[in-house]
Amino acid sequence: MQVVKSIVDCVGSTTLIRLGAPSRKTGCEILAKMEFLNPGGSIKDRTALGLIRAAEKSGELRSGGTIVEGTAGNTGIGLTVIGNALGYRTVIFMPATQSQEKINALRLYGADVRLVPAVPYKNPENYVHVSERYAKELNEQQGNVFWANQFDNTANGDFHYATTGQEIWQQTDGEVDGFVFAAGTGGTLSGVGRALKEHKPATTIALSDPTGSGLYSYYAHGEFKVVGTSITEGIGNSRLTRNMATAPIDLAFQIPDEESLPWIHELLRYEGICVGGSSGVNVAGAVRLAGELGPGHTIVTMLCDYGTRYRSKLFNPQFLKEKSLPIPEWLQ
């Protein structure tokens, strides 16, 4: 019988799919890993599993322990799903501006969700800092508390190097010319980038960055400068995390919502794929990279999570109208 022992064993080994419209538009093979097929519904299940396994190995997390993290939502869901399967409790701090769907999902899975104001990282009340302080306080009280620290815990990028990057290499039979991805923690971009560069140094690794983030400016001009805003959640940053610091970036693109949203709507309407905002930024970045490399190349990106987690925003005509963003005819 082909049976897995736990939901933990279902993380990773996701399907690689050809995206029809982007491929036809560019003359390249635009391929994407369907990361929403992970058990917790996003690529962050990989991050969560990598962080937990490393903590178990180091002794930071032991049986019956508590996991604390600051997250835009998906890493928290991943930590809670895997935590439930392994017997850990989770306390999740997240900005109150994140989608209600993600907040509801976390609570459904049983996480102790603490919403905090959305403030910049330099502010001590930023969700990352609040989660770190809480983890230290709780550890002093009861012990066996693990602060996951996804942004600067390099177990994040190392897990993507060992799994995601190797999967892409094997699934493409080594026929990959470029990889493009948006970054929040930088774990995926670093891990996959290092893995592909190790196999094939000529592989182009590109950052696809939404407006409202300073990463594009850093890689393009050497300084963090934020331009515009974005409704996209869970990606973008204005500091160099420890994970991002090891990402071998060759190119960087800045993607406005007006460019990424139509890809989200097109994938749903014409290819039956319902994904979130970061996936739109990734696909737009893949199209940009195809323009740089020229026709005939193979480019891989990621479809990070289900669009149902953002239904009230990405697929809400009233919300899009209020933000002066494009609304497809079929959604009106």
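Is Tyr218 buried, partly exposed or exposed? With a relative accessible area of 28%, Tyr218 is partly exposed, because anything from 20% up to 50% falls in that middle class. Keep in mind that this is a predicted model.

Right beside it in the sequence, Tyr219 counts as partly exposed too, at 26% relative accessibility. By the rule used here there are 5 aromatic pairs. In one of them, Tyr218 and Tyr219 meet edge-to-face, with 5.0 Å from centre to centre and 90° between the planes. Add Phe224 and you have one aromatic cluster made of Tyr218, Tyr219 and Phe224.

Tyrosine rings also turn up under arginines, as the table shows.

| Charged end | Ring below it | Distance to ring centre |
|---|---|---|
| Arg239 | Tyr121 | 3.9 Å |
| Arg269 | Tyr270 | 5.4 Å |

Now for the sheet. Strands of a sheet pair through backbone hydrogen bonds, either parallel or antiparallel. Here, 4 strands make an open sheet in the order β5-β4-β3-β6, and the pairing is parallel. β5 (112-116) and β6 (145-147) are the edge strands, each with a single partner, so one side of each has no neighbour in the sheet. From one strand to the next, the twist averages 15°.

Zoom in on β4 (residues 89-95) and you'll find 5 bridges tying it to β5, with the two running parallel. Phe93, for instance, has Arg114 in β5 as its bridge partner. Helix α4 (residues 100-109) packs on the sheet and touches β4 and β5, with its direction at about 150° to that of β5. Helix α3 (residues 74-86) lies across β3 (66-70) and β4, running at about 170° to β4.

Conventions:
Residues are numbered from 1 along each chain as its sequence is written. This is a predicted model: local features need pLDDT of at least 70, side-chain atom pairs count only at pLDDT 80 or more; totals for chains, interfaces and linings use all residues. Side-chain values use heavy atoms; hydrogens and water are left out. Two strands pair if DSSP finds at least two bridges between them. Axes are lines fitted to C-alpha atoms, for helices over the stretch in contact, and angles run from 0 to 180 degrees between N-to-C directions. Contact means heavy atoms within 4.5 Å. Rings of Phe, Tyr and Trp (its six-membered ring) pair if their centres lie within 6.5 Å; planes under 30 degrees apart count as stacked, over 60 as edge-to-face and the rest as tilted. Buried means under 20% relative accessible area, exposed over 50%, partly exposed in between (1.4 Å probe, protein chains only). A charge sits over a ring if NZ of Lys or CZ of Arg is within 6 Å of the ring centre and within 35 degrees of the ring normal.
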